[in-house]
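Biologist: I'd like to go through this one with you bit by bit. Can you put it on screen, and then I'll start asking?

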Amino acid sequence: MKGNEAIAEAAINAGCLYYFGYPITPQTEISEYMAKRMPKVGGLCLQAESEIAAVNMLLGASASGTRAMTSSSSPGISLKSEGISYLVGSDLPAVVVNVQRGGPGLGGIQPSQADYYQATKAYGHGDMHLIVLAPSTVQEMATLTGEAFDLADIYRTPVIILADGAIGQMMEPVDFSTRKPRELPEKTWATCGHRGARKHNIVNSLLMEPEELERSIRDRFERYRKIEENEVMCEKYMTDDADIVVVAFGIAARIAKTAAQIARSRGVKAGVLRPITLWPFPNKEISALADTAKAFLSVELSMGQMVTDVKLACECRRPVDFFGRTGGVIPAPADVAEKLCAMARELSI
Amino acid sequence: MKQGTYNILIAGFGGQGVLFAGKALAKMGMHEGLHVTWLPSYGPEMRGGAANCSVIISDEEIGSPLVPDPDILIALNIPSFDKFEPHIKPGGMLFADSAMIDRKTARTDIEAHYIPASSLASDNGLSGLANVIMLGHVIKKTGIFDYDAFLKDLVSGIPASRSALVEGNTKALRLGFEY
């Protein structure tokens, strides 16, 4: 199954009943799959008139307490960013998928990770964070989609799935039965029909009193603190004895793993730390590795964005280098391995 | 499957069944419990335009799903032959549809197999099944999968309403295997 289809099927398995899309390469299979499957499960797949319309429909559906999702690729996600900020301001759970392509502007249609800054720092205006999940396999496209819906409901926040064109387009085996759903809070805030049984709920992001707005933001940041404490996910690959730790996510992490194997065959002890949550970032795990590793290398399909977070995480205790290709070019494992060998020579290890 | 990792690149025109052939190999690998990836070239593709797909079948976890330097190249037209033949790994294998490609490799460090799959298909009333004829030949020469198991897997996805396809695919696979 394709990565894009795995996201769609996993969303339906998670009980997503509303999907609002607008076609854009390389994520259109999500819409296509939803159009086929949603009517059969009693849900709705709607092709909106634009990305902006789609994200605002998402807001409305989510306010009713129903699980809902939208998806797009980089340029379309920029259009959705206003709505994402409104979702955060309204404390609404929702899942937003970005199958990244090259930018800026219309850019290209080949795989990219150049929306890292946007996803982790600035998907919308205001004091805010979003949970950002970065799948690296088609299996993870499925499991992390299920996880995204649960996290969104537990913390009342939009969750971003930051994938890329390669993982979206590729096929791998996928098993939908591997994930256990979490325990979820009741949606007492939902604006759904209640036949006068309770006081009506209001979902809103406009708070005119500064103190009131500050209080709501502080409440939200208290939830962010819990997310940072409890929800960090990462995978360590041959890091125990590694002199150089590659930090890479998504498609880049797969390339990094092969590169680490090549480097080891040439006598350079390399390992890979793969953040699965990009926010919250695995700061503690990277900081701990800075005790044993001699250097870090951030490998990205961009000009270098996550590299700044790696530097912050290891607090300048170790040199942090960068290797990347951008514009839709996928780096070759051999080139990353060459970089690792060059670093080892420079560091005399 | 024989042990190891197979990096396979299949390339031709859109409409020749390039992506389907790749899927058939990947699906078989999956059903044998192996790690598999299938990655298409994607973009403004259309019938008649260039199409290719990378398939990796391995007994180990697969890193990059791209196949820039294939162990096995299946070339279905001249542009694909020209573009990818120089990148076959030394010791690798080339499979070319010789009814479409009027040239041969000059390389001595690869094993080359030529089969006029397109004309075999049209001569035997198997229009559109040159890709499956190629697969039959690939299975014979590489030994990557057992013939009977692959045939069973290939036709298992065909719905009962299109049972004529079972016969066609079976015949095409055998033609390639026995060539």
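Biologist: Where in chain A is A:Ser348 found?

Modeller: Keep in mind that this is a predicted model. Phi of A:Ser348 is positive, near 50°, and this residue is not a glycine. Going along the chain, you meet A:Ser348 in the segment after α12 (333-346) of chain A.

Biologist: Does A:Ser348 count as buried or exposed?

Modeller: Count the C-beta neighbours inside 10 Å: A:Ser348 has 6. A residue with 12 or fewer falls in the open class. So A:Ser348 counts as exposed.

Biologist: And what about A:Cys316, buried or exposed?

Modeller: A:Cys316 sits in the loop between α11 and β12 of chain A. Its phi is positive too, near 60°, and again the residue isn't glycine. With 9 C-beta neighbours inside 10 Å, A:Cys316 therefore counts as exposed.

Biologist: Which residue with a positive phi follows α11(A)?

Modeller: Here's the background: most residues other than glycine have a negative phi. Just after α11(A) comes a residue with a phi near 45°. That residue is A:Glu315.

Biologist: Let's look at that helix itself. How wide an arc do the buried residues of α11(A) cover around the axis?

Modeller: Helix α11 (residues 306-313) of chain A has A:Met306, A:Val307, A:Asp309, A:Val310 and A:Ala313 buried. They lie on the same side of α11(A), because they cover an arc of only 160°.

Biologist: What do the buried residues of α11(A) pack against?

Modeller: Their partners are helices and strands of chain A. The helices are α5 (116-121) and α10 (283-292). The strands are β8 (244-247), β11 (295-300) and, to finish the list, β12 (320-324).

Biologist: On to peptide bonds. Where is A:Pro104, which has a cis bond before it?

Modeller: Most peptide bonds are trans. The one from A:Gly103 to A:Pro104 is cis, with omega near 0°. As for its place, A:Pro104 is in the loop between β4 (94-100) and α5 of chain A.

Biologist: What is omega near for the bond from A:Trp279 to A:Pro280?

Modeller: A:Pro280 lies in the loop between β10 (277-279) and α10 of chain A. The peptide bond that leads into A:Pro280 from A:Trp279 is cis. That goes with an omega near 0°.

Biologist: Now some helix pairs. How are α1(A) and α6(A) set relative to each other, roughly parallel or roughly perpendicular?

Modeller: Helix α1 (residues 3-13) and helix α6 (residues 138-155) of chain A have axes 8 Å apart and pack at an angle of about 30°. The crossing is right-handed. Angles under 35 degrees count as roughly parallel. So α1(A) and α6(A) are roughly parallel.

Biologist: How many residues of the contact of α1(A) with α6(A) are nonpolar?

Modeller: The α1(A) side includes A:Ala6, A:Ile7 and A:Ala10, and the α6(A) side includes A:Val138 and A:Met141. By class, 1 residue of the contact is charged and 4 are polar. The nonpolar ones number 7.

Biologist: In chain B, how do α4(B) and α6(B) lie to each other?

Modeller: Helix α4 (residues 130-142) and helix α6 (residues 164-178) of chain B pack at about 45°, their axes 6 Å apart. α4(B) passes α6(B) in a right-handed crossing. That angle is why α4(B) and α6(B) are called oblique.

Biologist: And how do α1(B) and α5(B) lie to each other?

Modeller: Helix α1 (residues 18-31) and helix α5 (residues 147-156) of chain B have axes that come within 10 Å and cross at roughly 110°. Among the residues that meet are B:Met28 in α1(B) and B:Phe150 in α5(B). From the crossing angle, α1(B) and α5(B) are therefore roughly perpendicular.

Biologist: Last one: which element gives the most to the side of chain A that touches chain B?

Modeller: In total, 15 residues of chain A are in contact with 14 residues of chain B. Two elements of chain A give two or more residues to that side: α7 (165-169) and α9 (250-265). The one that gives the most, with 4 residues, is α9(A).

Note on methods
Residues numbered from 1 in each chain as written. Chains lettered and ligands numbered in written order. Predicted model: local features only at pLDDT ≥ 70, side-chain atom pairs only at ≥ 80, totals over all residues. Axes fitted to C-alpha atoms, helices over the stretch in contact; angles between N-to-C directions. Parallel < 35°, antiparallel > 145°, perpendicular 65-115°, else oblique. Left-handed = near helix turned anticlockwise from the far one by under 90°. Contact = placed C-beta atoms within 7 Å. Nonpolar A, V, L, I, M, F, W, Y, C, P; charged D, E, K, R; others polar. Buried ≥ 20, exposed ≤ 12 C-beta atoms within 10 Å, placed from the backbone. Arc of directions from axis to C-beta.
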